[in-house]
Each structure stands twice: as C-alpha cells, then as structure tokens.
Amino acid sequence: MLRIALKGILGRKARLVLTSLAVILGTAFLSGTAVFSATLNRTFDNLFSDVFRNVDAYVRSTQVIEADFGAEERQRLPQEIIAIVEQVPGVADVQGDIQAFARIVGKNGEPLGAEGAGPPTFGSVGEEFKGALWTISEGKFPSNSTEVALDEASAKTGNYAIGDRVKIVAQAGSRVFTLVGIASYGDVRSPGGATFALFDLATAQEFLAKPGFIDNILVSGDGTLSDEELTEAIARAIPSSYKAETLTGAQITKETQDQIGSALSFFNILLSTFSYIALGVGSFVIYNVFSISAAQRQRENALLRAIGASKKQVTRAMLIESVVVGLFGSVIGLFAGIGLSKALSALLKAAGIDLPTGGLVVPSSAIANTIVVGLIVTVSSAWLPARRAGKVPPLAAMRETAIEVVALTRRRTIFGFVLIALGAVAIVAVTNGASNTWLGLGILLVFSGTITLGPVIARPVALLLGKPAERLRGVTGTMARQNSARNPKRTARTASPVLIGVALVTAVAALAASIRTQIDGVFTEQFKGDYAISTTARGFGGLSPSLADDINLLPEVERATGIGLLTVKIEDRGQYLTTINPATAEGVFDLGLTSGTYSDLTADTIFVSQQYVENNDSKLGDTISITLADAQVKTLSIAGIYEFDEIAGKYTVSRDLIKDSTVINFDLGVYIKMKSGVPEESARAILQSAVDKYGQGTLLSKREYIDSQSGQINQLLGLIYGLLFLSVIIAVVGIIITLLLSVFERQREIGLLRAVGMTKSQVRTTVRWESVITSLLGAVVGIVLGVGLGWVIVYALRDQGLSSFSVPISSTVSILIMAFVIGVLAAVYPAWRATRVNLLTAITTS
C-alpha cells in the first residue's frame with residue numbers, strides 16, 4: 001500500500017502542490033516568526049555583550065517602582081557616590097550615567113524618531129571613559145553646556161554635520177546646541193533604531209533630569225580584582241543609607257538581555273498566535289481537499305477493496321498521502337519562513353532600525369516545531385476523509401462515476417446546537433459575573449457549533465444568496481445557485497475559512513468601533529478647550545511642563561493646562577497618578593467634581609474618583625500614603641471627589657507634588673482655551689508658532705484632537721487586519737482548490753452543457769458566481785458571528801470602562817465587498833480550466 005500511495009501522489013502532482021499550499025502558508029509564518037525572533041534575540045544579546053564589554057561594575061539604586069505593562073521607575077542616586085566609588089581599590093575609571101527622554105529635531109523642523117510605538121528617543125552622557133558605551137567616530141565628546149554629540153544614524157537622518165546647530169527637546173524644554181561629535185554604540189550606528197543625544201554629565205543632569213543626581217555609575221577596574229571582587233568592594237564602600245546595589249558587568253548585561261527578550265516575547269507570541277490561526281483555517285482547506293479526493297476516488301478505492309485490500313490498508317494509503325503532503329508543505333514552509341524572516345529584517349532596516357550585522361539564526365526548535373505542527377495539522381485534517389475512504393464497499397467498483405455523499409444527519413444538527421448552547425451558557429455566565437476565563441471557552445464552543453451546523457445552513461443560505469445571481473445572469477446564475485446548494489457539506493467546508501477570518505475581523509472591528517465611540521464621547525464631555533497640543537508618547541517622555549507655562553503667557557490665550565502621568569507606589573503596588581496644574585485646569589479639563597474645587601488641590605492633597613470612594617469606603621479628609629520614585633513618602637489628604645475617571649483614572653494630584661523631588665514629569669497633552677474674539681486663523685498661527693519654537697508636539701483643534709484620540713485604535717486594527725490577511729489568502733486558496741476539483745468532478749456535465757450550446761463565457765460565469773456565492777456565504781455567517789462576538793467582548797470589558805457597543809457598519813459593508821471580490825478573483829483560474837474541458841472526452845465519460 002505504501003507503493004500504491006506514493007504512486008498515487010506522484011500521479012497527481014498538481015493536487016499535491018495545491019493541497020500543500022495551505023500548509024506552506026501557515027508553516028511559513030510559523031517558522032518565519034521563530035527564526036526572526038531568534039535572530040532578533042541573538043542580535044540584541046550580542047549588542048549588549050559588546051556594549052558592556054569594558055564595564056566591570058554597575059552601581060544603581062535599589063528603590064524601584066514597577067508599574068503595569070513592564071514599566072518601572074527607579075530612584076536616582078546622588079552624585080557624591082561617584083567620589084566614593086573612585087576611592088575603592090581596584091577601580092580604574094568611573095562615569096556617572098543618565099538615560100532619559102530627549103528628542104532630536106531635524107534640520108527640516110521635524111522631530112526624529114517615532115513617539116509612542118517606535119524605538120525610544122534618549123538623552124545620555126557621552127564622555128571619555130575606559131568603559132564608555134559610546135565611541136566617537138567623528139569629532140569629539142561634548143565638554144560644556146552648549147555642545148552635543150549625536151548617534152551616527154540620527155546625524156544622517158537629520159542631515160547634520162559637525163558644527164551644525166541642533167535643537168533638542170527634553171524635560172527642561174527645548175534648546176539649541178552645537179554638534180561637536182558623531183558617535184556609534186558598540187558596532188552599530190544606533191542601537192535598535194533609537195535616537196541618542198549625548199551631553200557632558202553636568203548638562204545631562206540639568207537638561208535631562210535633576211542637577212546633582214545620576215541614574216547609575218559605570219565602573220572599569222584596573223585588573224587587580226575580578227569583577228565579583230570589585231563589585232563586593234564597591235558595595236562595602238557605599239554606605240547603606242544610599243540604598244544602592246552593585247552588579248557585575250556580566251549581571252547587567254544578562255539583565256538587559258533578559259529585559260529585551262521579555263519585550264520581544266510579546267511580539268513573538270502575537271505572531272505565533274496568528275500563525276496558528278492561519279494553520280487552523282488551512283486545516284479546513286486540507287480536510288475539504290481530502291474529502292473531495294476520497295469521493296472522487298471511490299471507484300479506485302473500491303477496486304483495491306475488491307482485489308483484497310482491507311479497510312485499514314485503504315485508510316492507511318490516504319494517511320500516507322497526508323504525511324507526504326504535510327512533510328512537503330512543512331519543509332517548503334520552513335524555507336519560505338526563513339525568506340520571510342530575511343524580508344522582515346530588511347523591512348526593519350528600511351524603517352531606520354539599525355541592528356548589528358549577523359547571519360540568521362535558525363534554531364533546531366523552529367525546524368522541529370514547523371515540521372511537527374505541519375504534520376499534525378495535515379494528518380489530523382485528513383483522518384476523517386481517510387476513514388471514510390476505507391469504508392467504501394467493493395461493489396462501488398461497478399460504478400463508473402463517484403460523488404461525495406451529501407446526506408445530512410440529525411446527529412450533526414443536534415451536536416451543533418448542543419455546542420452552541422454550551423457556549424451560550426458560558427458566555428451568559430461571564431455576563432453575570434463569572435470569571436472572564438470562561439469567555440474564551442464559550443466563544444470556542446459557539447464557533448465549533450456554528451461550523452458543525454455549516455452543512456445544515458449552507459443550502460438555504462446559498463439558495464438565498466444566489467437569488468440575485470439568478471435574476472441578473474439567468475440560466476448561468478441559476479446553475480451557479482444550484483451548484484452551490486448541491487453539496488452543502490462541501491460548500492460549508494469551503495466557506496468555513498472565510499467564515500473564521502470574517503468573524504475575527506468583524507469582532508475586532510466591532511470592538512474598535514465601540515472603543516472609538518466611547519473615546520469620542522469621553523473627550524467631547526471632558527475636554528473644554530479650543531485647541532490641544534498632542535503627543536503619542538506614553539510612559540517615556542512627552543511634552544515638557546514648561547510648554548504649557550509658555551503658552552499661558554501668550555496674550556491671546558485665556559488659559560492652557562498640561563495633563564501628565566506620574567508613577568508612584570500605593571500599598572506596595574505601582575500606580576499611575578494624573579498630574580494637573582490646578583491653577584489653570586478649570587474650564588479646560590473637566591473632572592466632573594462632585595466635592596471640592598480645583599483650588600483645594602495642593603502639594604499635600606489628592607483628588608480621587610467616585611469609583612475609588614465606593615470601592616474603598618473613603619470620604620473627604622481621609623489620607624492616602626504614596627511613595628514617589630525617589631523613595632519620598634507623602635501622605636495626601638483627599639480634598640476632592642470627581643465623577644469622570646476615563647481620562648484621569650483613580651487619582652489626580654497637583655504637579656507641585658514633585659516640585660522638591662528628583663522625580664521628573666512630562667505632559668501627555670496641553671489643553672488650550674483662547675480668549676473670546678480671537679479669530680481662528682490667528683489663534684492657530686500663534687499657537688503653531690509656539691509649537692514650532694518648542695520643536696515637538698502636534699497642534700490640533702478640538703475636533704481634530706478628539707478624532708486623533710479615537711483614531712489611535714486604528715493602529716491596532718491595522719496590525720490585526722494585516723496578520724489576519726494570511727488567513728484570507730488561505731481561504732482564497734481553499735476556494736480555488738475546491739472549484740478546480742469540482743470542475744474535474746463535473747467534466748462530463750460541463751462537456752454535455754457545452755455540447756448543447758453553452759458558450760465558454762457562460763461556463764466561466766457559472767463558475768465565477770458559484771465562487772461568489774460560496775464566499776458570500778462565509779462572509780454573511782461570519783459577520784453575524786463576529787458582531788455577536790464583538791458584543792460579548794465589549795460587555796465583558798464593562799468593568800474596564802467600556803460601556804457602549806457600536807456595530808461597525810462601514811467595516812461590515814467593506815467585508816461584504818471584499819468577499820465578493822475574493823469570490824471573483826478565486827474563480828479566475830478554475831473558470832478558465834472549466835472552459836478547457838475536451839468536449840468529446842467529457843461526453844464519452846460514462
């Protein structure tokens with residue numbers, strides 16, 4: 001049977017390639033993700049190994065606040081510790097270091113780098129030092145408050161040369177420096193696409209952070225002590241009151257590598273998830289192909305049974321074929337994934353993310369995982385068709401033709417409704433307060449039940465969707481409609497990949513539309529200004545508080561207030577506080593105060609949300625103890641309670657809270673109210689001039705700002721759409737394969753139709769509309785399922801503040817149009833093949 005199976009495969013090479021396409025696409029994404037992630041991890045590992053190669057010890061504070069999403073705020077060290085470390089025996093050289101936010105403005109006036117989602121924009125220290133992280137490739141290190149050095153990539157992107165004047169934006173505001181040096185980070189022009197502006201230590205302290213304080217100390221030894229001995233000696237020399245710790249160069253290298261690896265793991269998990277979704281969609285294509293193949297080879301299998309082959313042998317022959325398809329597709333997918341990884345690396349380089357040169361890393365785990373997963377998916381998908389093939393009776397050999405059995409069983413209907421009912425029960429339980437972990441199970445059961453019921457609903461829905469084709473195209477439309485409904489199992493299986501992709505896209509679109517509507521309503525209600533200066537930076541950098549102060553000095557401005565975030569520790573947990581200037585916030589930013597006034601917010605008080613009061617049984621006058629990032633403990637009295645917590649969150653404090661601390665703070669936006677009578681054109685010109693002078697931020701009208709805030713969800717939407725596009729491609733491939741096999745199965749029928757006068761154009765039209773009906777079937781059912789799924793997700797997120805559900809009308813229409821286009825495109829080749837059927841050969845086939 002092995003030889004028979006192999007000969008059967010070699011005799012149907014086209015089918016082997018077509019069936020393998022679904023495996024190739026899914027495994028290519030899977031292997032590409034693994035190879036790209038491994039390459040990226042090794043690249044950064046090598047980068048930081050190289051950068052810290054001359055650092056023998058690393059001193060930093062032990063006081064750190066860990067917030068959500070991996071963010072952390074570490075206390076700064078007083079500069080006098082440098083002198084203590086310099087006196088330790090075995091120390092050859094010491095450098096105080098700072099890493100903080102700084103944005104370089106190009107010659108064209110546009111800031112370099114990308115805010116928020118892009119690589120960070122750093123300001124740091126660049127000085128002569130034995131273990132320096134930076135080396136000067138042109139010019140020199142800065143030595144006074146008027147000089148700056150840039151990383152090579154930023155100097156090139158900003159079109160700067162030695163001697164040019166460079167505008168830099170940082171926490172202290174914006175200033176212009178003279179470019180005196182161009183530096184490289186290890187062996188690269190810029191680490192991972194980040195931008196760096198380098199200053200002498202005193203300037204970095206004053207411009208980037210706080211005078212007299214540093215982030216860490218880099219130490220190079222004289223060789224008389226090992227790194228461990230040197231680290232222990234420094235730790236003993238630093239008084240415990242400084243709350244500092246000393247790491248070896250190897251330890252800080254490992255920690256940095258682990259942090260990068262942890263950050264990259266999310267990206268890896270995301271891509272892998274969509275790889276498995278694509279493989280899941282591909283499994284329907286594989287199952288469909290093997291089902292059709294088993295039906296078309298009924299006579300062949302019956303002949304094998306008639307000459308003595310057992311049921312198991314026939315089943316085993318088809319499973320051998322699936323193993324070959326799985327191996328073939330997985331191996332091709334593995335190499336395609338390596339090519340995809342190279343393409344992603346090239347894309348990063350084109351985007352300005354400079355990485356150290358090095359070959360691709362193809363881990364053995366990626367090879368094994370790709371091949372094993374590809375085999376499991378293919379063999380599992382072929383298991384039921386192979387079993388059915390083995391059950392063909394020997395008497396079937398007497399039939400000249402064979403078609404797939406299309407009878408629907410009551411058992412399928414009952415089982416499908418049971419799955420949906422169980423899923424609905426789990427979802428209802430979540431909506432009534434059960435854990436959200438049940439939501440995933442409920443959604444999976446509903447999806448499974450819908451797919452199980454696919455053949456049951458395929459015929460009536462296909463007949464309904466085919467009515468317009470029947471009216472528009474006459475006989476050809478009628479034939480396409482009937483062909484779609486002729487075999488509901490096959491039609492449902494072909495439509496299932498489209499259904500899954502459309503359902504996921506629709507659910508995401510519904511969630512996005514709901515979030516956009518919610519954000520629009522929130523900012524319309526709480527933002528009372530006329531203009532806003534916006535930045536997409538979150539958690540690292542932003543707008544200097546001095547920008548709002550400068551705008552308040554403009555005679556045309558009634559008031560401008562900055563809104564910022566501060567990371568603190570409350571009850572041993574990292575928390576975010578919203579910072580405002582209470583003197584300028586009223587009338588521009590509405591908190592919905594139910595108790596207290598803005599003037600009650602001082603450096604010693606705090607406002608809390610109504611939700612916080614209800615959850616903690618708090619009242620005015622109660623105190624909240626917070627720990628700042630510099631380890632200062634502040635006891636704040638509740639002086640106000642507010643209703644609107646969507647923007648401000650649970651806590652709001654005055655920006656004066658950190659006035660006397662080493663903590664620095666940035667604004668996420670500046671809200672501006674103009675004086676009455678100022679023309680709109682004049683107002684925009686005046687404010688734009690102030691923004692241009694500062695060098696960063698985007699000036700927007702109230703409507704533009706609200707639209708930009710609600711539009712941020714589109715970035716996530718675009719990413720998910722892009723990743724789901726692979727599933728759409730596999731769905732298209734599935735439709736093409738099914739139509740091709742269907743054309744082969746109906747050769748005699750097509751030949752007879754051509755013999756009685758049907759033209760080639762009519763044949764093409766029939767196949768094309770059959771494809772469109774199948775595609776629309778998957779899209780319509782997928783939209784219904786997706787809208788329901790979107791509502792469930794929105795409802796489950798009600799505790800996170802998402803209270804309104806919106807149906808994505810425009811996205812739904814776009815999906816239906818896309819499904820129509822997919823149906824037309826997928827039918828191009830099968831329709832052409834249908835017109836190539838030899839009339840005489842087809843007619844003589846009995």
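Leaving aside its neighbours within four places in sequence, which residues is Asn-159 in contact with? In this predicted model, they are Lys-107 and Asp-164. The protein chain has 846 residues, of which buried residues make up 52%. Its secondary structure consists of 27 helices and 25 strands. The points below cover the chain as a whole, three selected residues, the nonpolar and aromatic groupings, and the salt bridges.

**Overall chain**

- The C-alpha trace spans about 95 × 70 × 50 Å along its principal axes.
- The exposed area of the protein chain is about 37000 Å², and carbon and sulfur atoms supply 58% of that area.
- Among contacts between residues at least 6 apart in sequence, 82% join residues at least 24 apart.

**Asn-159 and its surroundings**

- Asn-159 is found in the loop between α4 (152–157) and β10 (165–170).
- Asn-159 is exposed because its relative accessible area of 55% is over the 50% cut-off.
- One of its contacts outside the four-place window is Asp-164, and Asp-164 is placed in the loop between α4 and β10 as well.
- The C-alpha atom of Asn-159 is separated by 59 Å from that of Ala-469, and these two residues are 310 residues apart along the chain.

**Lys-107 and Asp-164**

- The two contact partners of Asn-159 also meet each other, since the side chains of Lys-107 and Asp-164 form a salt bridge at 3.0 Å, N to O.
- This pair links distant parts of the chain, with Lys-107 in the loop between β6 (99–105) and β7 (121–125), and Asp-164 in the loop between α4 and β10, 57 residues apart.
- Asp-164 counts as buried because its relative accessibility of 18% is under the 20% cut-off.

**Other salt bridges**

- Side chains of opposite charge can pair when their charged atoms come close.
- The structure has 14 salt bridges.
- The side chains of Glu-470 and Arg-481 meet in a salt bridge at 3.1 Å, N to O.
- Glu-470 is in helix α14 (residues 467–473) and Arg-481 is in helix α15 (residues 475–486), 11 residues apart.
- Within this pair, Glu-470 is partly exposed at 26% relative accessibility, whereas Arg-481 is buried at 12%.
- Asp-549 and Arg-655 form a salt bridge through their side chains at 2.6 Å, N to O.
- Asp-549 lies in helix α17 (residues 545–552) and Arg-655 in the loop between β23 (651–654) and β24 (667–674), so this salt bridge ties together parts that are 106 residues apart in sequence.
- Asp-549 is partly exposed at 31% relative accessibility, and Arg-655 is partly exposed at 24%.
- Arg-60, Arg-74, Glu-245 and Glu-255 are joined into one network by salt bridges that share partners.

**Nonpolar cores**

- The largest nonpolar core contains 84 residues, and among these Leu-439 and Ile-730 touch the most other members.
- Leaving aside its neighbours within four places in sequence, Ile-730 is in contact with Ala-22, Leu-25, Gly-26, Ala-278, Val-281, Gly-282 and Val-285.
- Another core lies apart from the largest one and has 40 residues, including Ala-102, Ile-168, Phe-207 and Tyr-242.

**Nonpolar surface patch**

- Val-807, Ile-809, Val-813, Ile-817, Phe-820, Val-821, Leu-825 and Val-828 make a nonpolar surface patch of about 720 Å².
- Helix α25 (residues 809–826) supplies the largest share of this patch, six residues.
- Val-821 is found in helix α25.
- Val-821 counts as partly exposed because its relative accessible area is 38%, which falls between the cut-offs of 20% and 50%.

**Aromatic pairs**

- The structure holds 14 aromatic pairs.
- One aromatic cluster is formed by Phe-523, Phe-527, Phe-589, Tyr-671 and Tyr-705.

**Gln-95**

- Gln-95 has its place in strand β5 (residues 91–97).
- Gln-95 is buried, with a relative accessibility of 6%.
- Beyond its neighbours within four places in sequence, Gln-95 is in contact with Val-125, Glu-127, Phe-129, Asn-216, Ile-217 and Leu-218.

Technical notes:
Residues numbered from 1 in each chain as written. Predicted model: local features only at pLDDT ≥ 70, side-chain atom pairs only at ≥ 80, totals over all residues. Heavy atoms only, no water. Core = buried A, V, L, I, M, F, W, Y, C linked by side-chain atoms within 4.5 Å. Buried < 20%, exposed > 50% of the residue type's maximum accessible area, 1.4 Å probe, protein only. Contact = heavy atoms within 4.5 Å. Patch = residues over 30% accessible without salt bridge, like charges linked within 9 Å, V, L, I, M, F, W, Y side chains within 5 Å. Areas by Shrake-Rupley, 256 points an atom, 1.4 Å probe, with all protein chains shown as cover. Salt bridge = Lys/Arg side-chain N within 4 Å of Asp/Glu carboxyl O. Helix = DSSP H or I, 4+ residues; strand = E, 2+ residues; numbered from the N terminus. Phe/Tyr/Trp six-rings, centres within 6.5 Å; stacked < 30°, edge-to-face > 60°.
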